[in-house]
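Please read the following points alongside the sequence and the 3D view. They concern surface patches and one side-chain contact.

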Amino acid sequence: MENELNASTAYPNATESYLQPYLEPIALKIFRFVIYAVIIVFALVGNVAVCIISSRTRRLQTSTYCLVMNLAISDIGSVLCLPFLLPELFIGNWLMGEAMCKLLKPSVVVFNFVTTNTYIRSKASLRRTAGTEVKMYDGGTPTNVSIAADDNSTGLPENDSTFYLEPIALKIFRFVIYAVIIVFSLVGNVAVCIISSRTRRLQTSTYCLVMNLAISDIGSVLCLPFLLPELFIGNWLMGEAMCKLLKPSVVVFNFVTTNTLVAIACDRFRAVVFPFVTRPSKSETRLIISLLWLIAFLFSLPMYGAETVKVFPNSPDIYYCLDVFSDNMDKDTLYRRIYTITMYAVQALLPVLVISALYLKITATLKNIHLVPIALRRSRSCSLNSTPNISPHSSILNLNKLNMNPAGAQRRQMLEKKFLRMLLTVLIVYVLCYLPFQTLYLFYEFNPDLDNLKFMQLLSEYLYMIVWLPNAINPVCYGFLNEQYKRAFKALIFRPRSFFQSVRLRRRLSKTVIAEVQLKDIAS
């Protein structure tokens, strides 16, 4: 006892120092005030937005979504009380009077109690409505939509839970892939058009067709951003006019792509198998390209008339952009199937068969070419192709022309092989990316029961995404597999100013040479 008294006498403030509370620094107080302010702003803006969306959207007026809106209302109420409680929290003094004291703090308890009860009620409601997924068809790319279990107006079977609901992470991944495709397609194909139009050596008939391929890819990719909302939310928001314009235009651009690949294969077939036939002039090349676009437009013309916006009774707030060929259901099914088969044959099957046959002949011809001096050539059997007597172009005169410069001819042959390798890569990419979705769509047209498979929607959505990959991959193939494009791409990317300056100089030089030749002709 005496020791305790002595300690207290020696250290009179020792006990009091342990009882003093920690004094919060002013910096921490400011930080806490900023956090409260952020909470108030985000809570008000977010929950008010939830209330507006839930009250204005017909599909969100089910029991579960009403509970979610009630949760948002209770959050708004409690957050509105928070600014009146902050002075006491920061200065430790109640300044609002007796009435506000009896009103505010109990109200916060009420709002928190409502939040807890609503959360429990909403979880129970979600358990009852789990598994009510509806597979909705929006013209080739279906989407999943959740509805309340007590809504039996759709007449759907009870086992709709078999359909796979795409996770939000996969949707974000798919959206990112679409964004990358759009950026790479626009940048790459615009660069191909600039290089092809500004480089004189790339203005032959074949490279003009390659530029036409890039233009069709640009056109189809420009339509893609307007199609993405329907792909992700399952609702057409662009109106009747855009419905009649966008989807048929995508078909036109895809048809032009296919026709251009066939035209390139025909052009290389003529250049390799019949190398001494006169090449198409610029006017003839323009005529060929115009015919490609005209054929694509004529085959796509029925879609411009058939595309329309439809609303079904079981979902009055959802709009669908569909192709309707007739008001009669049987006739509509018949006409759509005929058109689907025709487009699959003309746009996918026949072009692939024709291109494959032409490239096989080109490859065989290139393997059978033997560039040796004429003095060592025993007979005419070793000619440009294996059957020289069949074609009038495989004559002794042509062989003499071919063997005047064997080194140059061999170099041209190597360039031709590299160019064909590039075109074959483009064709393989096109077939692998385009045919799976078209084949699935053809099977679905004649077997709608495929729609009941669990992962069919997810498969169709990702196959449709793969359809757009060639638009971004084609410029990469040009840059890696063709020396002309590789050099031009490097110059355009790393030295753009020198690239355009060299193009201007070449144009001035060519104009000067042409003017001098014309003056000489006039003088003579």
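1. A patch is made of residues with over 30% relative accessible area and no salt bridge, and nonpolar side chains are joined into one patch within 5 Å. The model under review is predicted, and the points below should be read accordingly.

2. A nonpolar surface patch of about 810 Å² is present in this model. Its members are Ile-26, Ile-30, Phe-33, Val-34, Val-38, Val-41, Phe-42 and Val-45. One of them, Phe-33, lies in helix H3, which covers residues 26-56. Phe-33 has a relative accessible area of 47% and is therefore classed as partly exposed, since that class lies between 20% and 50%.

3. The surface also carries a positive patch, composed of Lys-367, Lys-417, Lys-418 and Arg-421. Helix H12 (residues 406-446) supplies the largest share of this patch, with 3 residues.

4. Lys-417 is part of helix H12 and belongs to the positive patch. Because its relative accessibility is 32%, Lys-417 counts as partly exposed.

5. Is Ser-107 buried or exposed? Ser-107 has a relative accessible area of 17% and is therefore buried, the limit for that class being under 20%. Ser-107 sits in helix H5, formed by residues 97-129.

6. The contact of Ser-107 should also be noted. The side chain of Ser-107 reaches the backbone oxygen of Leu-103 at a distance of 2.5 Å.

Technical notes. Residues are numbered from 1 along each chain as its sequence is written. This is a predicted model: local features need pLDDT of at least 70, side-chain atom pairs count only at pLDDT 80 or more; totals for chains, interfaces and linings use all residues. Side-chain values use heavy atoms; hydrogens and water are left out. Patches are made of residues with over 30% relative accessible area and no salt bridge: like charges are joined within 9 Å, nonpolar side chains (Val, Leu, Ile, Met, Phe, Trp, Tyr) within 5 Å. Accessible areas come from the Shrake-Rupley method with a 1.4 Å probe; for residues, only the protein chains shown count as cover. A salt bridge is a side-chain nitrogen of Lys or Arg within 4 Å of a carboxyl oxygen of Asp or Glu. Lys and Arg count as positive and Asp and Glu as negative; His and the chain ends are not counted. The place of a charge is taken as NZ of Lys, CZ of Arg, CG of Asp or CD of Glu. Helices (H or I, at least four residues) and strands (E, at least two) are DSSP runs, numbered from the N terminus. Buried means under 20% relative accessible area, exposed over 50%, partly exposed in between (1.4 Å probe, protein chains only). A polar contact is a pair of N or O atoms within 3.5 Å; within protein, one must be able to donate a hydrogen and the other to accept it, and residues adjacent in sequence count only if both atoms are side-chain atoms.
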